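Here is a friendly walk through one protein, from single residues out to the whole chain. Please keep the sequence and the 3D view open as you read.

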Amino acid sequence: MPETHVKEILSELGQNLRWIWNGEFDALFREIDKYLWSHVNHNPTRFLQEVDDEKINAKVRDEHYRVRLERARMSLRSYLKGERHWGNYNAPGLSSQTVAYFSAEFGLHESLPIYSGGLGVLAGDHLKSSSDLGLPLWGVSILYREGYFFQHFDAKGNQTEEYTELDLSKFPIERLLDKEGKGVTLEVHLGPSALSIELWRLRVGRAHLLLLDGYGGPSPDDRYAFTRRLYGGDLTTRLCQELILGVGGYRALRKIGVRPGVIHMNEGHSAFAVLAAIAERMKEEGLSFEEAAERVRGRTVFTTHTPVEAGHDRFPPELIKQYLTPLREELGLSEDQFLSLGRTNPSSSQEPFCMTVLALKMAQMSNGVSALHGKVSRKMWQSLWPNRTVDRVPIGHVTNGVHVPSWIAPQMAKFLDRKLGTEWLDHLCRVQMWEELLNIDPFELWDVKCSMKNKLLSFAEKRIRRRNERLGSEAQPAELNQNALTIGFARRMVAYKRASLIFRDLDRLARLASVPGKPIQFIFAGKAHPHDEIGKGVLRELYAYTQDERFRGKVFLLENYDMNVARHLVQGCDLWLNNPRRPLEACGTSGQKAVFNATLNFAVLDGWWAEAWDRQNGYAFGDGLTHTDLEKQDERDGRTLLDVLEYEVIPDYFTRSQEGVPLKWVERILRAFATLGARYNSDRMVMDYTRHCYLATAGTVTSDFPLGE
């Protein structure tokens with residue numbers, strides 16, 4: 001097998017993002033040059049452009065490598081062509097009715113930074129599981145040329161943001177071409193002007209992600225103004241991005257010959273897609289707005305992700321009038337009629353236009369992302385159905401799950417191969433399979449977990465040393481303790497997440513962290529939005545604790561939080577801390593990722609944990625209580641957090657067998673596998689959407705959609 005042939009096979013593997021969740025694919029690149037693989041942020045396209053040919057030649061001479069490479073290619077081809085998958089047998093009616101899944105961000109991999117956090121990662125996991133299950137699905141989003149920012153901390157813990165324009169030649173992304181070989185484009189009207197959009201595609205297993213690249217812009221000096229940065233700019237930029245995503249996204253699908261059988265809006269950012277579909281129906285079938293709206297509504301699903309009032313996009317009426325006039329005229333609506341679509345009170349001339357309201361009105365089915373979030377959402381939006389009691393508001397719930405192959409550590413995956421059989425990933429939703437783990441030897445599992453922890457600590461130390469070198473000082477100690485109870489916390493840095501809650505009683509925490517023979521260490525990571533000064537203040541506070549003599553060498557803050565950092569943390573920590581102010585956490589999928597890596601959850605009873613905790617599969621605090629006085633709620637939660645840490649977590653972790661195994665701790669891990677594994681994976685999530693939403697909106701079944709808890 002010549003060098004060129006090896007490169008061709010590696011290129012074929014790299015062009016389809018299935019390599020993200022197939023461990024063998026990743027290993028084939030890493031083994032050629034592990035340092036370069038890390039340097040290019042695990043990007044196969046860039047890797048093949050920069051790798052030394054001699055290192056490829058070395059692998060050409062390795063017969064074992066050549067066999068594995070050929071096997072990987074056969075595996076990919078078999079995966080793409082295979083028809084014996086869940087979708088064929090359980091949702092054959094969707095084979096001719098593609099699901100269009102709109103989301104403002106998709107977190108597929110750290111090498112493609114067009115995501116900011118949980119919403120995007122959830123969308124990426126949805127795409128991957130749809131591929132694994134064989135559902136015909138197109139994701140739709142924007143190709144942000146500068147993506148989301150790279151984060152650095154200065155010597156005082158201040159966050160600084162760095163944006164770098166993507167070089168598309170270095171990514172496994174393809175421009176869509178017409179029959180003449182020219183790039184496929186379309187125009188989206190933003191008020192009186194038109195923005196030219198070019199279409200790109202990512203292949204994600206069997207699924208596809210359509211990306212819209214706005215290379216026009218308001219002036220020659222600002223060519224990418226509206227699609228340059230994710231969640232950047234002012235209200236005008238945000239509105240125009242949502243017009244591009246919704247109207248442009250729907251029309252782009254139609255341009256390439258995809259007629260969606262189901263429209264799924266992941267958050268309200270894409271709600272204009274429904275209006276574009278209505279306008280098309282009106283034109284094609286000569287229908288009135290009301291008639292077309294009823295038909296499109298019947299095949300539309302909406303998922304809301306935030307119980308935080310500020311998280312719902314609202315735009316001033318004048319801005320809507322300025323930029324939505326072309327679409328409004330296509331729909332044959334007056335200004336007041338159009339604005340009423342996004343208002344809870346249609347007759348209020350001053351009420352802003354809310355994208356969530358538009359989505360709720362236009363969707364046949366709407367859902368929150370956990371049982372508790374569904375309940376909160378029904379209460380939040382009851383005003384749209386004033387004649388119904390809260391419990392009958394038509395917003396259900398589909399609890400989020402995570403794509404296990406993307407998040408599980410290689411060591412843990414191999415361990416489960418041995419214990420459950422090599423095809424265990426094909427049976428993630430079988431409770432009986434996970435229950436088999438209850439009988440395994442605790443020592444074996446603990447040995448694997450310690451190996452995963454070592455990998456995390458090595459990763460964190462390298463990150464800290466690089467930052468220290470950049471700053472020219474020992475800003476943070478760079479040595480972590482393998483024997484310490486390692487507690488991780490990583491997420492968006494916003495006030496309600498309460499990242500610093502555990503530090504409310506500094507003296508007590510310092511005492512708990514200083515008990516001889518029972519060391520504790522904390523690893524924090526997270527980004528604050530560039531305009532969120534409160535979130536940036538939280539980061540400075542966390543950094544200050546890394547410098548506090550009571551916690552120096554026990555509290556660590558990692559910079560540039562991304563999917564790579566998140567993966568290392570959920571895989572290697574002993575305990576995963578999540579303490580939002582209940583009930584403001586919609587789901588909290590990072591804790592689900594922890595489950596599949598033998599990392600126990602330690603969380604307030606909010607989001608998914610409120611429905612998942614059974615007193616034996618992890619730890620909870622707060623008793624599910626809230627308080628009208630937020631300070632009192634935080635004070636009480638901070639106190640009970642330390643109570644559970646002192647009286648339950650620490651004793652369980654440091655009480656060891658003669659072999660050094662914390663038996664009670666491992667029992668909780670095994671209980672977590674048995675009770676949570678089948679439920680909180682994204683295969684189950686996509687199956688739920690298919691059974692309860694997609695098949696119903698496609699008109700093939702009657703849905704019994706889950707309301708209430």
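Arg 615 counts as exposed because its relative accessibility is 62%; the word exposed stands for over 50% relative accessible area, buried for under 20%, and partly exposed for what lies in between, using a 1.4 Å probe and protein chains only. You will find Arg 615 in the loop between helix 24 (609-612) and strand 20 (619-621). Helices here are DSSP runs of H or I with at least four residues, strands are runs of E with at least two, and both are numbered from the N terminus. The phi angle of Arg 615 is near 80 degrees, a positive value in a residue other than glycine.

A word on the model itself: it is predicted, so local features need pLDDT of at least 70 and side-chain atom pairs count only at pLDDT 80 or more, while totals for chains, interfaces and linings use all residues. Residues are numbered from 1 along each chain as its sequence is written, and side-chain values use heavy atoms, with hydrogens and water left out.

Glu 267 also has a positive phi, about 80 degrees, although it is not a glycine. Is Glu 267 buried or exposed? Glu 267 counts as buried, because its relative accessibility is 6%. Its place is the loop between strand 9 (262-266) and helix 10 (272-285).

Another backbone feature to look up is the cis peptide bond that joins Arg 582 and Pro 583, with omega at about 5 degrees. Pro 583 sits in the loop between strand 18 (575-578) and helix 23 (590-595).

Now turn to the start of helix 2. Asn 22 lies in the loop between helix 1 (3-15) and helix 2, and it is buried, with a relative accessible area of 15%. What does Asn 22 do at the N-terminal end of helix 2? Asn 22 caps that end, with a side-chain oxygen 3.1 Å from the backbone nitrogen of Glu 24.

Helix 2 itself covers residues 23-30 and includes Asp 26. The buried residues of helix 2 are Phe 25, Asp 26, Ala 27, Leu 28 and Phe 29. Asp 26 is in contact (heavy atoms within 4.5 Å) with Trp 19 and Trp 37, leaving aside neighbours within four places in sequence. The side chain of Asp 26 also makes a polar contact with the side chain of Arg 30. A polar contact is a pair of N or O atoms within 3.5 Å; within protein, one atom must be able to donate a hydrogen and the other to accept it, and residues adjacent in sequence count only if both atoms are side-chain atoms.

The polar pairs discussed in this report are set out here.

| First partner | Second partner | Distance |
|---|---|---|
| Asp 26 side chain | Arg 30 side chain | 2.2 Å |
| Asn 22 side chain | Glu 24 backbone nitrogen | 3.1 Å |
| Arg 550 side chain | Asp 507 side chain | 3.3 Å |

Arg 550 belongs to the loop between helix 21 (533-547) and strand 17 (555-558). At 34% relative accessibility, Arg 550 counts as partly exposed. Besides Asp 507, Arg 550 is in contact with Leu 506 and Ala 510, again leaving aside neighbours within four places in sequence. Arg 550 and Leu 575 are 25 residues apart in sequence, and 21 Å separates their C-alpha atoms in space.

Which residues does Phe 171 touch, not counting residues up to four places away in sequence? They are Asn 43, Thr 45, Ser 111, Leu 112 and Leu 166. Phe 171 is found in the loop between strand 4 (159-162) and strand 5 (174-175), and it is buried, with a relative accessible area of 11%. From C-alpha to C-alpha, Phe 171 and Pro 113 are 11 Å apart in space, with their positions 58 residues apart in sequence.

Stepping back to the whole protein, there are 27 helices and 20 strands. The C-alpha trace spans about 80 × 70 × 55 Å along its principal axes. Of the 709 residues, 61% count as buried. Among contacts between residues at least 6 apart in sequence, 72% join residues at least 24 apart.
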